[in-house]
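Colleague: Before I use any of the labels attached to this model, I would like to hear how each one was reached. Could you take me through the reasoning?

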Amino acid sequence: MTVAAMEIESRILDMLQKVGIRKGQTILDFGCGYGMYTIPVAKIAGKQGRVYALDKDKEALDALMQKTKSACLKNVERMETSGELEIELADETVDVVLLFDVFHSFYFPQAGDRRRLLGEIYRIMKPSAFLSVSVWPNLIETETEDEIKNVNFRLEKEVPETLTDGNKDLETRRILSFRKARHVPIIVVLNNQSRRRQYEQDSANHGPKF
Ligand SMILES: C[S@@+](CC[C@H](N)C(=O)[O-])C[C@H]1O[C@@H](n2cnc3c(N)ncnc32)[C@H](O)[C@@H]1O
């Protein structure tokens, strides 16, 4: 690996750790391409983890699998598709889904297809899983975030990624992390319960005494 390539990979590893990639996770890299993120993700996930590298581009997958071989990575599983929106993974089996530079109208011009894809992603995500979405700055469509929120996800955090060619920084893009929104009411209920408990305690301590 050249010094420039090592520098790029180290920045990607750093960004992925900030995003929440951890040892032992099961990760789907949807639209993985040549594996710019698949390889670093597989390095972090380690032997106990598993990375599904899904793409419709056979050539890209061939090149990626060659790279995994050179890097002695045995935790990457090739998933070659015909571009269909169904994902051949069981319900609630994945910890992380990466949609890096693929969830935009260039690949999915129909809003209905984008919704169906998000539905499939929701189905395969464990309740505790997160979905990580990135797009190039000039391809950010204002509705992307809302489209994802509208199908039962909630935005959890945003990590900036400065893209570099190894010599100079090119541009900064946003990596958005979403969770399944059904966790929100549980948190609200717990908060309400603890608030009520606090209120009862406060009333007992400071309320009118008869
Ligand atoms: C711009 S590349 C991004 C590659 C990689 N995720 C990255 O960020 O470097 C988009 C990839 O998504 C793949 N892709 C687009 N639509 C797809 C679909 N419906 N099913 C599977 N792969 C798809 C393309 O073949 C391409 O490899």
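Colleague: To begin with, in which helix is the place of Glu147?

Modeller: Glu147 sits in helix 5, which covers residues 143-149; please keep in mind throughout that this is a predicted model.

Colleague: What makes Glu147 partly exposed, and not buried or exposed?

Modeller: The cut-offs are 20 or more other C-beta atoms within 10 Å for buried and 12 or fewer for exposed. Glu147 has 16 other C-beta atoms within 10 Å, and because that count lies in between, the residue is called partly exposed. In space, its C-alpha atom is 8.6 Å from that of Ala111, although the two residues are 36 apart in sequence.

Colleague: How do you know whether Ile148 is buried or exposed?

Modeller: Ile148, also found in helix 5, has 23 other C-beta atoms within 10 Å, and since 20 or more is what the label requires, Ile148 is buried. Leaving out residues up to four places away in sequence, Ile148 touches Leu118, Val133, Phe153 and Phe178. The C-alpha atoms of Ile148 and Leu131, which are 17 residues apart along the chain, are separated by 9.9 Å.

Colleague: Why does Tyr122 count as buried?

Modeller: Tyr122, whose place is in helix 4, has 21 C-beta neighbours inside 10 Å, and as the requirement is 20 or more, Tyr122 counts as buried. Apart from neighbours within four places in sequence, Tyr122 is in contact with Val151, Asn152 and Lys180. Of these, Val151 is 29 residues away along the chain, with a C-alpha separation of 8.7 Å from Tyr122.

Colleague: Lys180 is also listed with Pro127, so what makes Pro127 count as exposed?

Modeller: Pro127 lies in strand 5, residues 125-135, and has 10 C-beta neighbours inside 10 Å; because the limit for exposed is 12 or fewer, Pro127 counts as exposed. Pro127 nevertheless touches Glu92 and Lys180, when residues up to four places away in sequence are not counted. Pro127 and Lys180 are 53 residues apart in sequence, while their C-alpha atoms are 6.7 Å apart in space.

Colleague: What share of the contacts in the chain joins residues at least 24 apart?

Modeller: Among contacts between residues at least 6 apart in sequence, 72% join residues at least 24 apart. The chain has 210 residues, of which 27% are buried, and its secondary structure comes to six helices and seven strands.

Colleague: Why are helix 1 and helix 2 called oblique to each other?

Modeller: Two packed helices are described by the angle between their axes and the distance between the axes. Helix 1 (residues 3-19) and helix 2 (residues 38-45) pack at an angle of about 60°, with their axes 10 Å apart. Roughly perpendicular begins at 65 degrees and roughly parallel needs an angle under 35 degrees, and the pair is therefore described as oblique. The crossing of helix 1 and helix 2 is right-handed.

Colleague: Which residues of helix 1 and helix 2 meet?

Modeller: From helix 1, Glu9, Ile12, Leu13, Leu16 and Gln17 meet Pro40, Val41 and Ile44 of helix 2. By class, this contact has six nonpolar, one polar and one charged residues.

Colleague: What value of phi does Cys72 have, and in what part of the chain is Cys72 found?

Modeller: Most residues other than glycine have a negative phi. Phi of Cys72, however, is near 55°, a positive value in a residue other than glycine. Cys72 is in the loop between helix 3 (58-70) and strand 3 (76-80), and with 6 other C-beta atoms within 10 Å, against a limit of 12 or fewer, Cys72 is exposed.

Colleague: How do you know whether Asp101 is buried, exposed or partly exposed?

Modeller: Asp101 has 18 C-beta neighbours inside 10 Å, a count between the two limits of 12 and 20, so Asp101 counts as partly exposed. Asp101 is found in the loop between strand 4 (94-100) and helix 4 (111-124), and its phi is also positive, near 55°.

Colleague: Which residues come nearest to the ligand?

Modeller: Of the 16 residues around the ligand, Gly31, Gly33, Asp57, Phe100 and Asp101 come nearest. By class, the shell has eight nonpolar, four polar and four charged residues.

Technical notes: Residues numbered from 1 in each chain as written. Predicted model: local features only at pLDDT ≥ 70, side-chain atom pairs only at ≥ 80, totals over all residues. Near = placed C-beta within 6 Å. Nonpolar A, V, L, I, M, F, W, Y, C, P; charged D, E, K, R; others polar. Axes fitted to C-alpha atoms, helices over the stretch in contact; angles between N-to-C directions. Helix = DSSP H or I, 4+ residues; strand = E, 2+ residues; numbered from the N terminus. Parallel < 35°, antiparallel > 145°, perpendicular 65-115°, else oblique. Left-handed = near helix turned anticlockwise from the far one by under 90°. Contact = placed C-beta atoms within 7 Å.
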